[in-house]
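Here is a short tour of the structure for your bench notes. Keep the viewer open and follow along as we go from the whole chain to single side chains.

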Amino acid sequence: KPDQLIKRRGKAGLIAVGKTFEEAKDWVMQRMCKDQKVEAVTGQLTHFLVEPLVPHKQSEEFYICLHSLRYYDEILFYHEGGVDVGDVDAKAERLQIPTGADLSSGEVLGKLLSKVPSAKKANLASFILSLYKFYKDLHFAYLEINPLVMLDDNTVVPLDMAAKLDETAAFLCAQKWGEVDWPPPFGRAAYPEEALIRDMDGKTGASLKLTILNDKGRVWTMVAGGGASVVYADTVADYGWGAELANYGEYSGAPSTEETFVYAKTLLSLMMKYKHPDGKFLIIGGGIANFTDVAATFTGLIKALEHYASDIKEHNIKIWIRRAGPNYVEGLRKVKAASDKLGLGLKVYGPETHITAVIPMALGLMAPLPEPDLSQACGPPTRKMIKVTGKKASSKAQPPPTKHTIVTATPQTTSIVYGMQNRAVQGMLDFDFMCKRKKPSVEAMVFPFSGNHYVKFYWGTEEILMPVYTTTKEAVEKHAGASVFVNFASFRSVYETSMEAMTYPSIKTLGIIAEGVPE
């Protein structure tokens with residue numbers, strides 16, 4: 001049978017049963033790398049499972065599904081499994097386990113196995129208990145076995161399984177999972193370009209993501225920032241161009257010039273794969289960057305444009321840019337000068353233009369706005385207020401004032417920073433000094449990979465020395481007044497270090513910087 005995230009394979013005629021190994025091989029080769037339509041999706045079959053046949057009777061087939069909801073896990077069990085199991089939501093027995101609670105054999109026997117033959121109940125209950133423990137320990141979000149076969153000798157054989165792992169538990173379970181391959185959905189091929197960007201993402205402190213949705217699409221995006229990438233993709237779809245959206249991705253976290261060059265070059269190479277008679281669009285967008293140097297990243301973009309200049313013209317690719325942030329004027333000026341020199345006709349906008357305004361302009365749905373004067377920085381976009389007439393008075397009484405008892409930060413609040421993040425600490429000290437704080441908001445740093453020492457920072461124009469400790473325990477003991485713990489630990493160690501910080505009563509606020517770690 002194919003092993004490619006395809007459900008209802010039996011109904012689709014994609015399961016061969018009772019074949020010799022040679023016959024199974026022939027069956028696989030007839031379908032290997034051939035287009036196959038499964039329901040509404042067409043894709044190529046590339047991965048197959050060949051398993052020993054387990055002879056059994058229909059009466060020995062069961063259905064079980066474990067899935068996680070907001071406040072509880074739920075087990076669905078039905079005593080008649082198999083291809084024709086039907087609507088299990090309507091007829092399965094259900095057992096809900098509140099989050100954090102344990103499951104007992106009595107609950108399983110009483111609520112799930114009432115219609116199972118008595119001789120099989122005890123063993124099946126024991127299997128379900130073990131399966132639930134496995135499900136919790138490895139942080140599954142969904143696990144369905146159909147059919148689950150229990151033979152006359154009480155041997156349990158799962159014949160087919162579909163499961164979803166909670167990817168955000170990687171920081172807890174990565175070692176238990178081992179090397180997990182996250183395959184693309186059936187009908188969407190895995191691209192070597194995606195693997196290249198994924199590999200780059202794993203080796204840099206920046207964030208680089210790329211997913212190909214439709215390699216023949218006309219609308220391509222190169223968006224800075226995870227939030228902005230969602231907004232741009234949604235806006236393209238809202239304007240009715242969702243079917244032409246070719247990719248989804250983002251670059252952020254101050255990527256280097258070289259990383260931006262490789263990312264842009266990869267996107268442009270994908271755009272050149274198929275020519276479209278009406279041309280294509282590349283929308284390079286983003287919000288207002290916090291610390292990404294726009295000029296540095298655009299230097300990488302310019303290198304990619306120079307590399308593909310003749311192809312861009314040949315494929316009639318129109319490029320629209322909207323970007324802002326540190327050094328944005330220089331970045332936009334550079335890219336505009338490169339465009340004029342190469343004859344690419346780029347349209348360039350800064351923060352005076354709404355974040356997604358380039359999309360309808362690029363797609364020809366509205367007249368292009370005049371490009372800004374890049375001789376100096378501009379102010380934020382101006383928005384005329386909408387005049388409200390006939391405003392209704394609220395019938396609800398205003399709630400009584402309450403005392404706000406949680407104080408997270410005052411001018412006296414201080415913190416401990418975990419990790420040798422000198423640039424971040426200096427930025428905090430600069431901000432403190434500009435705010436006219438009496439003393440720095442960072443009291444100490446923790447770095448377990450070297451002995452206790454001091455690091456030099458600037459407090460205005462003066463030099464100060466900040467202590468660095470090898471353990472959080474020592475830092476907290478020596479700086480009992482610090483109530484905030486800013487954790488710059490990596491994805492791999494952030495869980496342990498955060499949990500330790502919360503054991504100290506003086507720490508009241510915890511900031512986690514690592515991505516992919518749910519609070």
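Among contacts in the protein between residues at least 6 apart in sequence, 66% join residues at least 24 apart. Please keep in mind that this is a predicted model. The protein has 519 residues, and 42% of them count as buried. Its secondary structure consists of 15 helices and 20 strands. Along the principal axes, the C-alpha atoms fill a box of roughly 80 × 70 × 65 Å. About 29,200 Å² of the protein is exposed, with carbon and sulfur atoms supplying 56% of that area.

**A set of parallel strands**

A good place to zoom in is strand 15 (residues 415–418), which runs parallel to strand 16 and is joined to it by four bridges. Together with helix 13 (residues 422–434), strands 15 and 16 make a right-handed β-α-β unit. Strand 15 also pairs with strand 19 (residues 484–487), again in the parallel sense and over four bridges.

Which residues cover the two faces of strand 15? S415 and V417 are on one side, I416 and Y418 are on the other, and all are buried. In general, side chains in a regular strand alternate between the two faces of the sheet.

Y418 is a handy residue to click on. Y418 stands opposite V446 in strand 16, while its bridge partner in strand 19 is N487.

Strand 16 has pairings of its own. Strand 16 and strand 18 (residues 462–469) pair in the parallel sense over two bridges. M445 shows both connections: M445 is the strand 16 bridge partner of V417, and the bridge partner of M445 in strand 18 is V468. Four of the five residues of strand 16 (residues 442–446) are buried, so this strand is largely enclosed by the rest of the structure.

**Charged pairs**

Now for the charges: a search of the whole structure finds 21 salt bridges. Three of them are listed here, with the N to O distance and the relative accessibility of each partner.

| Salt bridge | N to O distance | Relative accessibility |
|---|---|---|
| E22 and K25 | 3.8 Å | E22 46%, K25 40% |
| R94 and D89 | 3.5 Å | R94 36%, D89 53% |
| K203 and D199 | 3.1 Å | K203 67%, D199 40% |

Why are E22 and K25 separated by about one helical turn? The two are three residues apart in helix 1 (residues 21–31), so about one helical turn separates them. E22 counts as partly exposed at 46% relative accessibility, and K25 also counts as partly exposed, at 40%.

In the R94 and D89 pair, R94 counts as partly exposed, whereas D89 counts as exposed. For the K203 and D199 pair, K203 counts as exposed and D199 as partly exposed.

Salt bridges also link K1, R9, E51 and D160 in a network.

**A nonpolar patch on the surface**

To finish, turn to the surface. L172, Y495, M499 and M502 make a nonpolar patch of about 370 Å². One of these residues, Y495, lies in helix 15 (residues 494–501). Is Y495 buried or partly exposed? With a relative accessible area of 33%, Y495 is partly exposed.

How values were computed:
Residues numbered from 1 in each chain as written. Heavy atoms only, no water. Buried < 20%, exposed > 50% of the residue type's maximum accessible area, 1.4 Å probe, protein only. Pairing = 2+ DSSP bridges. Right-handed = clockwise from strand over helix to strand, strands pointing away. Patch = residues over 30% accessible without salt bridge, like charges linked within 9 Å, V, L, I, M, F, W, Y side chains within 5 Å. Areas by Shrake-Rupley, 256 points an atom, 1.4 Å probe, with all protein chains shown as cover. Salt bridge = Lys/Arg side-chain N within 4 Å of Asp/Glu carboxyl O. Contact = heavy atoms within 4.5 Å.
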